[in-house]
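Dear colleague,

Please find below the structure that I am handing over to you. I would be grateful if you would read the notes beneath it alongside the coordinates.

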Amino acid sequence: MAETTTRTGLPKGFRSAEQGWPGLHRIPHPPYRLPLLGDIVGASRHTPLQDSLKYADTLGPIFRRNAFGKEFVFTWGTGLVADLADESRFAKHVGLGVANLRPVAGDGLFTAYNHEPNWQLAHDVLAPGFSREAMAGYHPMMLAVAERLTEHWDRAAAGGRPVDVPGDMTKLTLETIARTGFGHDFGSFERVRPHPFVTAMIGTLTYAQRLNSVPAPLTPLLLRRASRRNAADIAHLNRIVDEVVRVRRAGGRGDGDLLDRMLETAHPETGERLSAENVRRQVITFLVAGHETTSGALSFALHYLSREPGVAARARAEVDRVWGDTPAPGYEQVAKLRYVRRVLDESLRLWPTAPAYAREATRDTVLADEHPMRRGAWTLVLTPMLHRDPEVWGAEAERFDPDRFDAQAVRSRPPHAFKPFGTGARACIGRQFALHEATLVLGLLLRRYELRAEPGYRLRVTERLTLMPEGLRLWPERRGTARPAMPESTGGDEKPTRP
Ligand code: HEM
């Protein structure tokens with residue numbers, strides 16, 4: 001007989017909220033709920049996150065949605081999210097979009113169930129790859145990749161041409177994680193079209209999101225072609241990754257990067273090593289998790305910098321002051337860009353590019369003394385709403401204002417009000433990597449260019465589990481040079497940011 005429970009004794013597969021929330025009837029849901037179909041009136045399968053933000057506005061800090069009989073609870077009120085951060089009662093829940101990525105990433109670090117032994121093993125083996133020393137070692141490679149970007153932008157600036165910001169940031173972040181982590185060069189900047197790895201990755205992320213908007217029994221019928229394409233995408237990712245590993249094994253050791261750790265490092269206590277299959281899962285995990293979200297974060301930050309001349313001028317003045325005209329800013333000089341970092345934080349506040357994380361009760365408990373949850377019941381934390389909670393961020397939470405992250409303002413806020421990297425033991429292992437890389441790149445771009453916005457551009461956000469500004473183009477202009485002819489910029493008139 002097929003197993004119906006996990007090793008922890010909880011039911012396998014999707015756990016609908018009726019099973020675990022005895023007080024569910026007290027949690028509001030959108031109006032116009034339809035039998036069998038659920039809350040689909042006014043919802044789009046392309047923008048599930050942005051639809052949830054609209055519902056959150058009217059339904060409040062905890063609400064539920066139903067899609068084809070599957071009931072989910074969403075949470076975003078700061079008090080509720082702070083309670084969910086209590087690791088003695090709650091843990092990561094691998095469900096929805098994350099569970100849909102299991103066929104690609106298996107028990108890799110991001111998609112592993114909490115009870116899977118490979119999570120702890122990989123975490124312990126790979127965590128030193130994100131230490132301060134390791135980061136300082138990656139810094140020169142990050143700088144070298146950023147120079148490829150500026151060469152490309154210099155050509156655009158000289159020709160008065162716009163740059164495709166999300167496309168270029170994706171090239172940059174993919175090359176950065178591939179080189180620092182795996183000694184691999186995808187040659188992204190030499191390509192006109194995205195590398196096939198990126199195309200296959202976007203395919204699998206989009207498919208994982210689509211699976212949530214189709215009733216499970218109808219998946220084989222409605223997504224037949226899409227699932228064939230998804231299988232081909234996964235096979236393609238596997239082939240690319242297997243080649244990266246083959247080259248490393250054939251060529252001997254790298255310079256102690258993540259791949260060396262995956263292949264050679266034994267667990268300090270148990271002596272265990274990652275299996276070949278698990279290495280494949282981890283390489284895919286790191287190549288995907290290590291670039292897609294950082295690329296989005298950089299793109300949103302550049303959007304705001306192009307729209308807020310006052311902020312850009314202040315950030316640029318800081319870079320000039322801290323870096324002077326040193327051609328290659330050192331590792332330590334990046335952390336000194338405090339205001340640039342605030343720009344990044346504020347962009348991640350409005351658009352946390354991994355916009356939700358799920359938490360499950362590890363025992364019967366009551367959330368915030370109000371909502372009983374049985375062991376295994378779970379909820380999705382909506383970080384873009386948490387980051388707009390008016391009780392914490394004020395009535396003007398939509399306004400872009402990096403000063404919200406000056407030290408005193410941060411101290412005055414309750415803990416857990418800002419969670420772009422998730423929470424607890426399963427929070428982002430690459431946080432420092434992403435912040436260092438993105439601050440460095442913003443510093444380099446601010447120092448070198450004025451960033452002019454496209455006239456009439458209004459922020460639109462694409463969703464594929466992660467968030468990305470859609471169709472964002474900028475005109476970089478080398479500082480200290482004459483302006484090439486281009487349409488008048490609309491910089492500075494940005495309205496509140498929700499599309
Ligand atoms: C701005 C950039 C980034 C954002 C916003 C981000 C966000 C997140 C979030 C929210 C989680 C928790 C997910 C959950 O609870 O289900 C997470 C986990 C993770 N992230 Fe990131 N991330 C970023 C960059 C990176 C980078 C650069 C790497 C690798 C180099 C990385 C690797 C991972 C991994 C492996 C996990 C799973 C950790 C575990 O469960 O042990 N991320 N990230």
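The notes below cover conventions, the ligand shell, a helix pair, the cores and two individual residues.

This is a predicted model, in which local features need pLDDT of at least 70 and side-chain atom pairs count only at pLDDT 80 or more, while totals for chains, interfaces and linings use all residues. Residues are numbered from 1 along each chain as its sequence is written.

The ligand is surrounded by 27 residues (C-beta atom, placed from the backbone, within 6 Å of it). Gly290, Tyr357, Gly422, Cys428 and Gly430 are the closest. Helices α13 (276–289), α14 and α21 each give two or more residues to this shell; helices here are DSSP runs of H or I with at least four residues, numbered from the N terminus. By class, the shell holds 17 nonpolar, 8 polar and 2 charged residues. In this scheme Ala, Val, Leu, Ile, Met, Phe, Trp, Tyr, Cys and Pro count as nonpolar, Asp, Glu, Lys and Arg as charged, and the others, Gly among them, as polar.

Helices α14 (residues 292–307) and α21 (residues 431–448) also pack against each other, at an angle of about 35° and with their axes 10 Å apart. The axes are lines fitted to C-alpha atoms over the stretch in contact, and angles run from 0 to 180 degrees between N-to-C directions. From α14, Thr293, Thr294, Ala297, Leu298 and Ala301 meet Ala434, Glu437, Ala438, Val441 and Leu442 of α21, where contact requires C-beta atoms, placed from the backbone, within 7 Å. These residues divide into 7 nonpolar, 2 polar and 1 charged.

The largest nonpolar core (buried Ala, Val, Leu, Ile, Met, Phe, Trp, Tyr and Cys joined through C-beta atoms within 7 Å) has 71 residues. Val283 is among those with the most contacts inside this core; beyond its neighbours within four places in sequence, Val283 is in contact with Phe182, Val241, Val244, Val245 and Leu259. A second, separate core of 53 residues includes Tyr304, Phe400, Leu446 and Tyr449.

Two residues illustrate opposite environments. Glu175, in helix α8 (residues 165–182), is buried because 25 other C-beta atoms lie within 10 Å, the threshold being 20 or more. Outside its neighbours within four places in sequence, Glu175 is in contact with Val145, Arg148, Phe186 and Ser188. Ala232, in helix α11 (residues 224–251), is exposed because 12 other C-beta atoms lie within 10 Å, the limit being 12 or fewer, with partly exposed in between.

Yours sincerely

Definitions and conventions
Contact = placed C-beta atoms within 7 Å.
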